[in-house]
Amino acid sequence: MTGGAGAGAVWDLAPQRLRSAADAVGRLQTERGIYFAPVRHHSPACAVAVRAAIEELRPAAVLIEGPEEFTRLIPDLLHEATRPPIAVLSLGGPAGSGTGSTAETGDREPGEGAGFYPLASFSPEWVALHAGRDVGAELRFIDRSFGERSAAERAVSGPGGSGPAGFGPDASGPGAGPGHGPDVAAQPDPFARTLMSERYLAHSEAVATLARRLGCRDHDEVWDHLFESRRSAELADWRAVFDDVFAWAALARLDYEEGVLDADGSLDREARMSARVAEAAAEAVAGAGGPVLVVTGAFHTLALVEALSGAPEGAPVRDRQPEGGFGPVAEGEAWLVRYDHERLDGLRGYGAGMPSPGYYERLHAAHLRELAVEGTAFPAFGSVGATGATGATGAIGATAATSAAKPGSTKRRSAKGSAVSGTAATGPAATGTAASGTAAGAAGTVSAASGPVGARALAAEILVDVARGAVDRGHAVSLPQVGAAAASATRLADLRERAFAGRTDLLDAMRSCYVQDDGGVGGPGEPERPLGLAIAEVFGGRALGEVPPGSASPPLVRDVRKRVRAVRLVVDDSLPRTARLDARRTASHRAKRQVLALLDFVGAGFGQLVSGPDHVAGRGLGLITEEWQYCWTPLVEARLVEMVHLGATLEAVAVARLYEAEARLAGTGAGSVPGAAAASVDALARLVAQALVIGMGSHLPRIVTLLRVTLDTDRDVDSVVSGARRLLGLWQARVELGAEEYAGELLDLVSQALATAAYLVSDLGKVRAEDEDAAIGTLIGLRSLLRDAAAADGGAADGSAADGGAPDNVVRDGGASRADGAANRIAVERELARLRDDEGTAPAVAGALLALGFTDGEVADDVLVTRVRGALSAGADPGAAVRFLGGVMRAAPDLILHTPEMFDAVDDALRTLDGDAFLAVLPDLRRAFTWLRPTETHRLAKRVAERTGARVDQVDVRVALSEEDLATGLVLDRELVAVLERDGLAHWGPATEATRAVGAAGVCTAGVGIAQVGTAGGEA
């Protein structure tokens, strides 16, 4: 053991298992040439140490944690066109099956079962690949195949929950900023799912205890304090770095029992990795090619060491290795996709992310610049004076081992020996450029002039950039404030015993110096604020990577990106954007809309229609412009990769989706007609609209055939009417949709729908009371359909391209279609008139039909008044009478204002209601009068005031009275009358005729709560 008496004393406090593992590390290095580089994923500190180790050791092989099928993608990962952040994407399914069958993936939510292996410019794995290539090492991924992992194991890849004492990716804190914190974690992004999960480190009680001892707020600040705050030269001392990382993670691992690690697949993965390490070491020895460097998440290092060294504690891992080994490298489909900083951010829910990737990208580049300025890629290393293991000798080892014994912080020491590294390889350090294959971008030499040199200078740059971003957004930050923040950050770093101002120091300083009045940074449940947005931009980053154009990216992804770029939509970053289109008058806008609609239809998640005409849903058809919001993110590429089994082009996937939709609507597996009875006219009309909107009109004949059969079998008149209205809307938008050739077919379908409606309309008269509102809505839609269909036939007769030059197999004779349409409209009108006169028709439906008939000139004034008086007569059932009135008001609410005879009939009817009857019908009465607009309500109040002699302000007021309030009032009213009669004051009680009129007419307006309630004789 080396490192001095202090280091030895600290090491003596470590658990025996950890001390034994440290000894085993030394033996594995000296006897088998196996070196370990335990890292935290996406850590700049570890990235610097990994490159230093590779340049000194010049290993024969660099083995990296990651599904072993990723090895075939290494040439693409090292391609000069590859720019981080990128990710390797794997999809769930049996081993080797790639995406899995449609049956396996069809019931999953988008992204479920997808695993991401993200790589940023500051990821140790990314640096290991490039540095390993530079020294000629063989590069391999050695982890268990993603396709072999169980559902429980994949679940661990999802964003983690909160851990002890609020630790975990969803922990809020001063560094959270906008878009961070518990509110985001409560809605995890499935595309932040990672194969680099670090939830055990985040939730470790040992790490939590260490955080409390050091006065840190969470495990991220602990990590920053112990590792990321080291100077560049200290990080290049890779032995000390890996010693401390090993101890930090090993102590956390001791918190978890074997059963927990077995359940989530950790032991199975470690069995595969340790076996592959042993194979590579044997090959290196046989070839005399040099040592093997193993780059894995630090949480696995203890298990790998124990398994490879034969320690008893390694038995659970070794026992999972088959007797003959694992055989050839597993095969499985995986692809490179572009990734972004937003999903790499641990504060936004990423399961293995360092928080604030934008900051750490800058920090990593600053370290590389400082090391390059010192003259070589990394400082020269001398030989280590002792062989074997020394243990965890830095502050992490000391503090973690003694955290339960005494409080306080300790300063770091750098030991010459290494628990992880053991003896150093002899010879001088390899020289080279600091930026080779690493710094922000994939390649290129970083010079001192390219940015601030060192982390201390970086702090000032970040403070200035945040201030500039805040000012650009309207939050004033002055130069003195920037200077104060720089001084504050430096003093905080000194107080916390850090070499320079780090992430939390900078955030604390900005909160202290940049926040003015109520201009905070925002946060969970708060609106976004300029300063918070500026911090999020600088610390979170906005980078979106690039992948090479070769086979690493599926053809479908390449095709979609080409299609999107062709219509000039931006896919070069992950910023949300808005496209405002006028597809009716601009051809280029129609092309954009078609691409956006295609991607929306297949479920790529690229864009969403926010406003404007929606021909599929049948909304906003009178609007001219439409607005789409779109954003190209890893989510888009991941969803496209999940669709690769459907086709290699966007059109092929859309066709497959159309067939799937047809099969689903037809109730069969192949979309054939025999199951059409299960379909819906409206749903098929939506599919017709969808096909036209996405430019797939050539598939209409097949869909139309199914629709025609369904028109003969669908018994839902609302579905038939809604579908016909949707089809007619498509005819009206035929030019905008490029559907002129299908115009005649659309009108013919509308005509057939009218024939079906004529057959079914009688069902509307037989509905139950609770279904009357829906039936009236259908009647109103049918009336609109009749009017618009007549206008369409008239337009077609005037030569407005009803036929449109359609092919013979699609378009029928326009004249015959128009004749059929007229006959079918007459049939519907005849059935509606019969239903209107049928005494058995549901009251509300009868009232609506009467009002519609009067509005259309089919019912005379005297007939209207007679029917209303009859329905509301004294002998009528109050409930049925009010339902009838509600139907009238729903269909034509202004009749009561413009037809004095109807007003009188309603007034007379309501006068006859006693208190109990009024209370019984009050809910329906209120609903009836809600169809009046506010201006109409005011006019009705004036009419009531004129009728009764009251003032308008006594009637045109809003009161909040419930049925219970009215019932209580009626009881009190009766008791008051009884008291007056007992005391011989009965003549005080009866209301005058005028008061009775106010009460009766007031009922007319009680439904909308604007009238006073009478108090005499139990009348309201």
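This is a short talk on the cores, one helix pair and two buried residues of a predicted model.

Hi everyone. Please keep in mind as we go that this structure is a predicted model.

Let's start with the nonpolar cores. The largest one has 221 residues. Which residues have the most contacts inside this core? They are Val466, Tyr514, Phe539 and Phe606. If you want to know where the core draws its largest share from, look at helix H32, residues 743-760, which supplies 10 residues.

Now pick out Phe539 on your screen. Leaving aside residues up to four places away in sequence, Phe539 touches Ser356, Pro357, Gly358 and Tyr359, then Ile462 and Val466, and finally Arg503, Leu506, Leu507 and Met510. You may recognise Val466 from a moment ago, as another of the residues with the most contacts in the largest core. There is also a second, separate core of 25 residues, and among them are Ala14, Ala250, Leu251 and Val292.

Next, a pair of helices. Two packed helices are described by the angle between their axes and the distance between the axes. Here the pair is H22, residues 479-495, and H23, residues 503-513: the angle is about 135 degrees, and the axes are 8 Å apart. Because of that angle, H22 is oblique to H23. Their crossing is right-handed.

What makes the contact between them? From H22 we have Gln481, Ala484, Ala485, Ser488, Ala489, Leu492 and Ala493. From H23 come Asp505, Leu506, Asp508, Ala509 and Cys513. Sorted by class, that contact has eight nonpolar, two polar and two charged residues. Leu506 links back to our earlier stop, since Phe539 touches Leu506 too.

Let's move on to Ala53, which sits in helix H3, residues 44-57. Is Ala53 buried or exposed? Ala53 has a relative accessible area of 0%, so it is buried. Not counting residues up to four places away in sequence, Ala53 touches Arg58, Trp238, Phe242 and Leu293. Try finding Ala128 as well: Ala53 and Ala128 are 75 residues apart along the chain, yet their C-alpha atoms are separated by 9.5 Å.

My last stop is Asp614. You'll find Asp614 in the loop between strand E9, 607-611, and strand E10, 626-630. Why does Asp614 count as buried? Its relative accessibility is 18%, and buried means under 20%. Again setting aside residues up to four places away in sequence, Asp614 touches Leu609, Arg619 and Leu621.

Thanks for listening!

Methods:
Residues numbered from 1 in each chain as written. Predicted model: local features only at pLDDT ≥ 70, side-chain atom pairs only at ≥ 80, totals over all residues. Heavy atoms only, no water. Core = buried A, V, L, I, M, F, W, Y, C linked by side-chain atoms within 4.5 Å. Buried < 20%, exposed > 50% of the residue type's maximum accessible area, 1.4 Å probe, protein only. Helix = DSSP H or I, 4+ residues; strand = E, 2+ residues; numbered from the N terminus. Contact = heavy atoms within 4.5 Å. Axes fitted to C-alpha atoms, helices over the stretch in contact; angles between N-to-C directions. Parallel < 35°, antiparallel > 145°, perpendicular 65-115°, else oblique. Left-handed = near helix turned anticlockwise from the far one by under 90°. Nonpolar A, V, L, I, M, F, W, Y, C, P; charged D, E, K, R; others polar.
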